[in-house]
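Please keep the model open in the viewer and make each selection in turn. The tour proceeds from one helix to the pockets, the cavity and a few backbone features.

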Amino acid sequence: MKFRIFTEPQQGATYEQQVRMAQAAERLGFDAWFRSDHFLAMGVDGRPGPTDSWVTLGAIARETSTIRLGTLVSSATFRHPSLLAIQVAQVDAMSRGRIELGLGTGWFEAEHAAYGFPFPKARFGILEEQLEVITGLWSTPIGATFTHAGANYTLTDAPALPKPVQQPLPVIVGGAGPKRTPAIAARFASEYNVAFRSDDEIAAGFARVRAAVSDAGRAPGSMTYSAALTSTVGATKAEYRRRAETIGRDPEELRRNGVAGTPQELVDRLGGLAELGVETIYLQVLDFDDLDVLELLASEVVPQVR
């Protein structure tokens with residue numbers, strides 16, 4: 001199992017806090033540091049304010065050297081796919097090939113209203129077409145041009161530059177939709193992610209995508225299956241309770257629905273997720289001021305699971 005740290009900077013985090021966490025995750029041996037792509041906080045004031053995910057990742061790419069970086073997930077409603085393809089390819093070059101793109105439909109309507117982003121009711125078609133454009137631009141041979149005429153985007157003789165360092169650059173598609181999500185994942189993704197769902201929903205989502213991968217004629221091992229769950233840990237039950245309450249979660253509820261508790265409780269929980277087929281786990285760590293959580297995860301949980 002690969003262990004990745006996943007954060008929500010829109011809830012209130014400076015760039016400096018983010019880079020400190022990413023550097024700590026790298027030092028402690030986590031596989032990746034991922035962040036959300038949101039511009040509006042949820043349930044808090046979000047001060048000092050949002051940071052753009054791709055600007056931030058470009059900077060962190062230059063302040064780290066080995067850890068993989070990415071979004072879980074960028075919203076197809078925020079950027080034109082040609083712009084996003086250029087941004088991601090550039091950050092991949094800045095990181096020397098450590099970037100992954102998670103892309104989704106977008107879901108937080110209030111965020112779109114706050115900043116004036118369009119929020120159409122039908123968004124799956126936009127997501128699919130964005131992936132067509134992005135992967136088409138990246139895969140077009142150097143010296144050739146890319147043309148696309150779709151329902152939402154038209155490109156004419158685009159030079160399809162720059163190219164990512166990685167060929168292909170990993171693409172992550174997530175969600176629990178029963179039909180369109182599996183088909184889109186099987187067509188474009190190297191990883192399928194289920195976030196903040198029950199064990200039964202994780203297993204059902206994996207099964208649907210495995211079937212879609214088979215129907216698409218892909219090799220079964222060509223897709224990675226991952227889950228994202230809120231996480232915190234305490235060396236003692238009292239320490240765990242304090243940390244859970246600090247991030248605004250009921251300790252017992254978080255035990256049931258996240259990856260949380262004492263180190264042995266996390267080891268047991270992660271073993272159960274592995275049995276469901278989770279190959280990569282994104283541990284959503286919400287407290288930017290308590291990096292001791294990462295230290296405890298790295299020293300008392302990850303080695304036992306591995």
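Two residues are in contact when heavy atoms of each lie within 4.5 Å. The model in view is predicted.

**Helix α3**

Select residues 81-94, which form helix α3. Its 14 residues should span 20 Å at 1.5 Å a residue, and the end C-alpha atoms are 20 Å apart, so the two values agree. Which residues of α3 are buried? They are Pro81, Ser82, Leu84, Ala85, Val88, Ala89, Val91 and Asp92, where buried means under 20% relative accessible area. An α-helix has 3.6 residues a turn, so residues three or four places apart point the same way. Now display what covers the buried residues of α3: α2 (53-62), β5, α5 and β7 (154-158) are included.

**Beyond the end of α3**

Move on to Arg96, in the loop between α3 and β5. Is Arg96 buried or exposed? Arg96 counts as exposed because its relative accessibility is 65%. Its phi is positive, near 60 degrees, and the residue is not glycine. A second residue to select for its backbone is Asp157, in strand β7; its phi is also a positive value, near 55 degrees. Most residues other than glycine have a negative phi, and most peptide bonds are trans.

**Two cis peptide bonds**

Select Arg47 and Pro48, which are joined by a cis peptide bond with omega about 15 degrees. Pro48 is in the loop between β2 (32-35) and α2. Next select Leu72 and Val73, where another cis peptide bond has omega about -15 degrees. Val73 belongs to the loop between β3 (68-71) and β4.

**The annotated region**

Colour residues 3-246, which an unreviewed UniProt entry lists as "domain: Luciferase-like". Over this range the chain is 39% helix and 20% strand, and the end C-alpha atoms are 23 Å apart.

**The largest pocket**

Select Phe6, Glu8, His38, Trp107 and Phe196, which lie nearest the centre of the largest pocket. This pocket has a volume of about 1200 Å³ and a lining of 45 residues. Show next the elements that give two or more residues to this lining: β4 (74-75), β5 (99-104), α5 (124-139), β8 (171-174), α6 (180-188), β9 (191-195) and β10 (224-233). Coloured by class, the lining residues divide into 19 nonpolar, 19 polar and seven charged.

**The second largest pocket**

Keep α5 and α6 on display, as these are the elements that give two or more residues to the lining of the second largest pocket. Which element gives the most to this lining? It is α5, with three residues. The pocket holds about 220 Å³ of space. Of its 15 lining residues, Thr135, Pro168, Leu169, Val171 and Phe188 lie nearest the centre. By class, the lining has eight nonpolar, five polar and two charged residues.

**The cavity**

How many cavities of 30 Å³ or more does a search of the whole structure find? The search finds one, and about 60 Å³ of space lies in it. Select its lining: Ser231, Thr232, Arg243, Thr246, Ile247, Val285, Leu286, Asp287, Asp290 and Val293. Both β10 and α8 (237-246) supply at least two of the lining residues. Four of the residues are nonpolar, three polar and three charged.

Centre the view on Arg243, one of the residues that line this cavity and a member of helix α8. Arg243 counts as buried because its relative accessibility is 7%. Leaving out residues up to four places away in sequence, Arg243 touches Thr232, Val233, Gly234, Asp290, Asp292, Val293 and Leu296. Of these contacts, Thr232, Asp290 and Val293 also line the cavity. For a distance to draw, connect the C-alpha atoms of Arg243 and Gly261, which are 18 residues apart along the chain and separated by 9.6 Å.

**Strand β12**

Finish at Ile281, in strand β12 (residues 280-284). With 0% relative accessibility, Ile281 counts as buried. Its contacts, apart from neighbours within four places in sequence, are Met1, Lys2, Phe3, Arg4, Ala227, Leu270 and Leu273. Lastly, draw the C-alpha to C-alpha distance between Ile281 and Ile5: it is 8.5 Å, although the two are 276 residues apart in sequence.

Methods
Residues numbered from 1 in each chain as written. Predicted model: local features only at pLDDT ≥ 70, side-chain atom pairs only at ≥ 80, totals over all residues. Heavy atoms only, no water. UniProt positions renumbered as here; feature names shortened; annotations may be inferred. Helix = DSSP H or I, 4+ residues; strand = E, 2+ residues; numbered from the N terminus. 1 Å grid on protein atoms, 1.4 Å probe; cavity = no way out; pocket = protein on both sides within 12 Å on 5 of 7 lines; lining within 4 Å. Points joined across faces, edges and corners; volume = space filled by probe spheres on them. Nonpolar A, V, L, I, M, F, W, Y, C, P; charged D, E, K, R; others polar. Buried < 20%, exposed > 50% of the residue type's maximum accessible area, 1.4 Å probe, protein only. Expected span 1.5 Å × (residues − 1).
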